[in-house]
Amino acid sequence: MVKCIITLLCAFLGLTAGSLASAKKLIVDTDLFSDVDDAGALLLACTLPEIELLAVNVNYPSMYSALAASSILGHYGNAHIPIGLLRPYENYTYFDDVYYEHGEYASKVAYHWRDEASLRWKDASSTWDPTHLYRKVLSQQQDQSVTIASIGFLDNLSNLLNSPADNYSPLSGADLVAAKVVELVVMGGAYPSGEEFNFIAYNPAAAAHVVNTWPGAMTFSGAELGGRVYSGARLMTEGPSNDPAKAAYVWYNGYNNARNSWDPLTILYAAKGKIDIFEFGNQGGYNYVYPNGTNSWQSHVGQYPQHYLRLAMSNITVGERVDKLYLRGAAKFSAP
C-alpha cells in the first residue's frame, strides 16, 4: 500500500521512485529581500525533481524575508521545511533608493499567501536561529550528502563555521561542514577577479571568512554569469494567476522586463550540475576574498577543489531554459 502511494505521488510530481531516492539534499541560504531572483530561485528549489529541500536559511535580517519565504514554500508544497532567520531581525521593507524603478515584493507575497505559510503573519519569532538549524539538519544527514546553495550574504555560513559543539553534534562547525557537506555553491564574486554585491555590500568579513576557510569543495556562480541571463518575463505573462513567484516578479520588475538570473542559475547548478548549460572556467586554483570583499582567482593549488562557472551555451538559450522550468514548476501548483 505504501509503495502504491509513493508511486502515485511520484507520478503526480513527474518523478520516478528512483529520482526521488537520488535527489540532491539541498539547504538554501537566501537574502530574499531586495532582488526578485531569490523568489525564482526558491520556485526552482521547491519544484525541480532533482532536489530534496532540507531547510531554508534567510541571511537578511527582515522578518518579511522569512515570512515571504514561508509563503513561497507553503504554496509549492513545502510548508514543512524549517526556516532560519538571521538575528537580530527587524520589520524592514525594501525601498529602491538607487534606481527608483524596482518595487517591494516580500511583504506583499508574505501577506497574500499567508494562508499557505507555516509562519503566522507578522510573526517571525518561531523561525530558527540559522546556526542551530544548520547544525540540526546537518547532524541528521549522512556524511558528504548535503549541498548548500548560498544566494545572498554569508553571515549564516560564517556563524556556522564558528559554532562550537552542542546538543546536535559533538563536532565543531568547521568539522561538521567537512563531514556532511559535499559542495558549497556560492552566488558571489566576479571571475576571474572583481567585485560583486553579495561579497562587498553587507558584511565583507563574513564573505572572506567563508570563502577563505571553507573546509570542502566550492563552486562559484559569479556576477558575470547570471548578469547575462534574463528570465521571469514568461512567468509574469503566462504563469498561473495564483503563483507567488509570478506576483513577486510583477511587483518588483513590472510586466515588461525580465530580470537577471544570478540566483536561479546557482540553484540550477546545485540541482543538476554542469549538464549542457555550464562549464568550469578554471583549471585548478582557488578563490580568494580580500577584507573589502573583492575577490581574485589564485592560480596555485588550493586545499580543496574549487571552480567558477561559465555558460556553455548562449545566454538567450539559457534564459529560455530557466523560463520553461519556472512555468513547469509553477504549473504543478496552479489553481484548479
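Biologist: When do two strands count as paired in this predicted model?

Modeller: Two strands pair if DSSP finds at least two bridges between them. Strand 6 and strand 12 (residues 295-298) meet that condition, with two bridges in the antiparallel sense. Within this pair, Ser193 stands opposite Ser296 in strand 12.

Biologist: What sheet do strands 6, 12 and 11 form, and in which order?

Modeller: Strands of a sheet pair through backbone hydrogen bonds, either parallel or antiparallel. Here the three strands make an open sheet, ordered 6-12-11, with antiparallel pairing. Strand 6 (193-194) and strand 11 (286-289) are the edge strands, each pairing on one side only.

Biologist: Which residues of helix 10 are buried, and what do they pack against?

Modeller: Buried means under 20% relative accessible area. In helix 10 (residues 204-213), Pro204, Ala206, Ala207, Ala208, Val210 and Val211 are buried. Their packing partners are helix 7 (155-162), helix 9, strand 5 (181-187), strand 7 (218-221), strand 11 and strand 13 (306-311).

Biologist: What is the volume of the largest pocket, and which residues lie nearest its centre?

Modeller: Rolling a probe the size of a water molecule over the atoms shows where empty space is left. The largest pocket has a volume of about 680 Å³. Its lining comprises 28 residues, and Ser34, Asp35, Tyr94, Phe197 and Arg259 lie nearest the centre.

Biologist: Which helices each supply at least two residues of that lining, and how does the lining divide by class?

Modeller: Helix 3 (37-47), helix 9 (197-200) and helix 14 (262-272) each supply at least two lining residues. By class, the lining of the largest pocket has 14 nonpolar, ten charged and four polar residues.

How values were computed:
Residues numbered from 1 in each chain as written. Predicted model: local features only at pLDDT ≥ 70, side-chain atom pairs only at ≥ 80, totals over all residues. Heavy atoms only, no water. 1 Å grid on protein atoms, 1.4 Å probe; cavity = no way out; pocket = protein on both sides within 12 Å on 5 of 7 lines; lining within 4 Å. Points joined across faces, edges and corners; volume = space filled by probe spheres on them. Helix = DSSP H or I, 4+ residues; strand = E, 2+ residues; numbered from the N terminus. Nonpolar A, V, L, I, M, F, W, Y, C, P; charged D, E, K, R; others polar. Buried < 20%, exposed > 50% of the residue type's maximum accessible area, 1.4 Å probe, protein only. Contact = heavy atoms within 4.5 Å.
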